[in-house]
Amino acid sequence: MDTLLLSHTFEPVGQVPWQRAMTLWMAGRVEVVEAYADRQVHSPSRAFEMPSIIRYIRGRRPYRRTRIKFSKPTVFARDGGCCQYCSAQLRLSDATFDHVIPRSRGGTTRWDNVVIACRACNQKKGNKTLQEARMRLVSSPKRPSTVPTSLDGTAWRLGMPEGWRIYLRS
Ligand SMILES: [Zn+2]
């Protein structure tokens, strides 16, 4: 189960596993806005309601300022799990890093030069530039500004807890 994380001004910041929500709460960084009525978390000595929505306590460092670590899972999340050339939906294990400007041409392994690609597109592009390969990107790569804990942290989707809806776009 996930917990919706809000800024102290009630803006959605992201979606975190409930275990992370409990850790933030026990560290005094957040307050519980709403709990899952039908779920409890048991520690050896007591039971807690599982948090459904938490909110940063004013004055604490906002989550969104966290610098996002460059890694395969975070690039995968930024690109929505899709090959940035053919839009195929990929599994993390099948996704490859493609350097838009190839490394052999001085391209760096950074947010703005790396995209997720399927193996076929990666091979097709090889050591060529976009023009040489006659390929186009679905979107141009950038460093994400918020923690990509979900594919779209601000829109309410079917299957999300009903209580989250008022905080999210729908
Ligand atoms: Zn592809």
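## Notebook: zinc site, strands and salt bridges

Started with Cys86, which is partly exposed at a relative accessible area of 40%. Note to self: this is a predicted model, and I read everything below with that in mind.

**Zinc site.** Which residues hold the zinc ion? I looked up the protein donors and found Cys83, Cys86, Cys118 and Cys121, each giving its SG atom, at 2.3 Å from the ion. I then checked the geometry: the 4 donor atoms make angles of 101 to 117 degrees, and the site is tetrahedral. For reference, ideal tetrahedral angles for four donors at a metal are 109.5 degrees. Along the chain the donors are spaced as C-x2-C-x31-C-x2-C. I went back to compare two of the cysteines. Cys83 has a relative accessible area of 0% and is buried, whereas Cys86 comes out at 40% and is partly exposed. The cut-off for buried is under 20%, so Cys86 does not make it at 40%.

**Strands 5 and 6.** Next I moved to strand 6, which covers residues 114-117. Is this strand covered on one face or both faces? Both: Val114 and Ile116 are buried on one side, and Val115 and Ala117 are buried on the other. Its partner is strand 5, residues 96-99, and the two run antiparallel with 4 bridges between them. I traced one bridge by residue: Thr96 is matched with Ala117 in strand 6.

**Salt bridges.** How many salt bridges does the whole structure have? My search gave 7. As background, side chains of opposite charge can pair when their charged atoms come close. I wrote down three of the pairs.

- Asp79 and Arg78 join through their side chains, N to O at 2.9 Å. I checked their surroundings too, and both Asp79 and Arg78 are buried.
- Arg105 pairs with Glu132, with 2.9 Å between the closest N and O atoms. Arg105 sits in the loop between strand 5 and strand 6, while Glu132 belongs to helix 4 (residues 130-133), so this pair ties together parts 27 residues apart in sequence. I looked at accessibility next: Arg105 is partly exposed at 43%, and Glu132 is partly exposed at 43%.
- Glu162 and Arg165 also meet through their side chains, at 2.9 Å from N to O. Glu162 is exposed, with a relative accessible area of 54%, but Arg165 is partly exposed at 34%. The line for exposed is over 50%, so Glu162 passes at 54% and Arg165 falls short at 34%.

**Surface patch.** I then went looking for nonpolar surface. Which residues make the patch of about 280 Å²? Trp25, Met26 and Val32 make it. I placed Met26 in helix 1, residues 18-26, and Met26 counts as exposed at 57% relative accessibility.

**Strand 3.** Last stop was Ala37, which I found in strand 3 (residues 30-42). Is Ala37 buried or exposed? Ala37 is exposed, at 73% relative accessibility. I also took a C-alpha distance from here: Ala37 to Glu49 is 7.2 Å, with the two residues 12 apart along the chain.

Notes:
Residues numbered from 1 in each chain as written. Predicted model: local features only at pLDDT ≥ 70, side-chain atom pairs only at ≥ 80, totals over all residues. Heavy atoms only, no water. Buried < 20%, exposed > 50% of the residue type's maximum accessible area, 1.4 Å probe, protein only. Pairing = 2+ DSSP bridges. Salt bridge = Lys/Arg side-chain N within 4 Å of Asp/Glu carboxyl O. Donors = N, O, S within 2.8 Å, 3.2 Å for Na, K, Ca; no water. Tetrahedral: all angles 85-135°; square planar, octahedral: opposite > 155°, others 65-115°. Patch = residues over 30% accessible without salt bridge, like charges linked within 9 Å, V, L, I, M, F, W, Y side chains within 5 Å. Areas by Shrake-Rupley, 256 points an atom, 1.4 Å probe, with all protein chains shown as cover.
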